[in-house]
Amino acid sequence: MRHLAGVCAAVAGACLHAPDAVAGAWAEARGETLEIDTISREVGDFGETWRAESFFEHGFGGGWGGHFKAENQIRLSDLYDDRFAFEAGLKRAFALGERSAFSVQASYLGGEALDGPECTSDGYEVRAALGGSREFLGREAFVNVETAERRRNDDCRRVVTEVAAGIELVGEWRGIAKAWTQTGGGRTTKYEINLMRDFGGSSLGIGYRREVSGLFDEEGVLLSWWRRY
């Protein structure tokens, strides 16, 4: 279950208007680190956007964990925009039986804000997640639901809710679907599908993402590589 639950964290990235939740409800085991590196390209009404990010979550034991994420975003449109942002925080997870978990998380947001042009300062995020894994049609599967609020010192506020689900396919292949909506500065809704292949202790994923709210047009592809050590 822990191996499949970690897939929640490999569902990577969103665009300027929809920050992703890179960790699910489960905490890493004591002394264990999960690393996810992602690169994505999106095109649409805002031009062409490239994003690279690295995420690390480390388990302290007792349901506690710490995480750090660094993101670099380059937007190619009428104007060239290059931004760097990071976040760091703590998580506390609580087991709900053998195959479910609930967690709360608090993070500091620093660097240049990626939540929209009106967001210009540092701030914080609070997040809650509920996840569970079960056997479905003879295969391991999981569902994870999260909600988060991001506030910055310039009164920029974002609220995001997302649902992710994954299932083992054939051999070392897994499929993941994710949908999320964000309010604040307009409402946006996106979906994402990913196909992942395990290679021992690491996994390689390729995904497709699309905006479906009608607020703007944008779609893209992403590659992710994650490993636990």
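**Figure 1. Contacts across the whole chain.** Among contacts between residues at least 6 apart in sequence, 53% join residues at least 24 apart. The model shown in this and the following views is predicted. The protein has 2 helices and 12 strands. Read from the N terminus, the order of elements is α-α-β-β-β-β-β-β-β-β-β-β-β-β. Of the 229 residues, 49% are buried. The accessible surface comes to about 10,200 Å², and 61% of that area belongs to carbon and sulfur atoms.

**Figure 2. The pairing of β6 with β7.** Strand β6 covers residues 123-136 and strand β7 covers residues 139-152. The two strands pair in the antiparallel sense over 14 bridges. One residue pair to look for is tyrosine 124 and its bridge partner in β7, arginine 151. The hairpin of β6 and β7 has 2 residues between the strands. Leucine 137 is placed in this loop. Leucine 137 has a positive phi of about 55°, although this residue is not a glycine. Is leucine 137 buried or exposed? Its relative accessible area is 72%, so leucine 137 counts as exposed.

**Figure 3. The pairing of β7 with β8.** Strand β8 consists of residues 157-168, and β7 pairs with it in the antiparallel sense over 11 bridges. Threonine 147 has threonine 161 in β8 as its bridge partner. The two strands form a hairpin with 4 residues between them. In the turn, aspartate 155 has a positive phi of about 70°. The side chains of glutamate 149 and arginine 157 meet in a salt bridge, with 2.8 Å from N to O. Glutamate 149 has a relative accessibility of 22% and therefore counts as partly exposed. Arginine 157, at 38% relative accessibility, also counts as partly exposed.

**Figure 4. The surroundings of glutamate 125.** Glutamate 125 is placed in strand β6. Its relative accessibility is 1%, so glutamate 125 counts as buried. The side chain of glutamate 125 makes a polar contact with the side chain of arginine 127, at 3.0 Å. Which residues touch glutamate 125, leaving aside its neighbours within four places in sequence? They are Glu87, Gln105, Ala106, Ser107, Leu109, Ala148, Glu149 and Arg150.

**Figure 5. A salt bridge between β10 and β1.** Side chains of opposite charge can pair when their charged atoms come close. A search of the whole structure finds 23 salt bridges. One of them joins the side chains of lysine 190 and glutamate 42, at 2.8 Å from N to O. This pair links distant parts of the chain, with the two positions 148 residues apart in the numbering. Lysine 190 lies in strand β10 (residues 188-199), and glutamate 42 lies in strand β1 (residues 33-44). Both lysine 190 and glutamate 42 are buried.

**Figure 6. A salt bridge between β11 and β10, and a network.** The side chains of arginine 209 and glutamate 192 meet in a salt bridge of 2.8 Å, taken from N to O. The two residues are 17 apart along the chain: arginine 209 is in strand β11 (residues 202-211), while glutamate 192 is in strand β10. Why does arginine 209 count as buried? Its relative accessibility is 0%, and buried means under 20%. Glutamate 192 likewise counts as buried because its relative accessibility is 0%. Other salt bridges share partners, and these join Arg51, Lys69, Glu71, Glu87, Glu125, Arg127, Glu146 and Arg150 into one network.

**Figure 7. A nonpolar patch on the surface.** The patch is formed by Ile39, Trp50, Leu76, Tyr80, Leu169, Val170, Trp173, Leu195, Ile206 and Leu223. Together these residues have about 940 Å² of accessible area. Tryptophan 173, one of the patch residues, lies in strand β9 (residues 173-183). The relative accessible area of tryptophan 173 is 38%, so this residue is partly exposed.

Terms used. Residues are numbered from 1 along each chain as its sequence is written. This is a predicted model: local features need pLDDT of at least 70, side-chain atom pairs count only at pLDDT 80 or more; totals for chains, interfaces and linings use all residues. Side-chain values use heavy atoms; hydrogens and water are left out. Patches are made of residues with over 30% relative accessible area and no salt bridge: like charges are joined within 9 Å, nonpolar side chains (Val, Leu, Ile, Met, Phe, Trp, Tyr) within 5 Å. Accessible areas come from the Shrake-Rupley method with a 1.4 Å probe; for residues, only the protein chains shown count as cover. A salt bridge is a side-chain nitrogen of Lys or Arg within 4 Å of a carboxyl oxygen of Asp or Glu. Buried means under 20% relative accessible area, exposed over 50%, partly exposed in between (1.4 Å probe, protein chains only). Contact means heavy atoms within 4.5 Å. A polar contact is a pair of N or O atoms within 3.5 Å; within protein, one must be able to donate a hydrogen and the other to accept it, and residues adjacent in sequence count only if both atoms are side-chain atoms. Two strands pair if DSSP finds at least two bridges between them.
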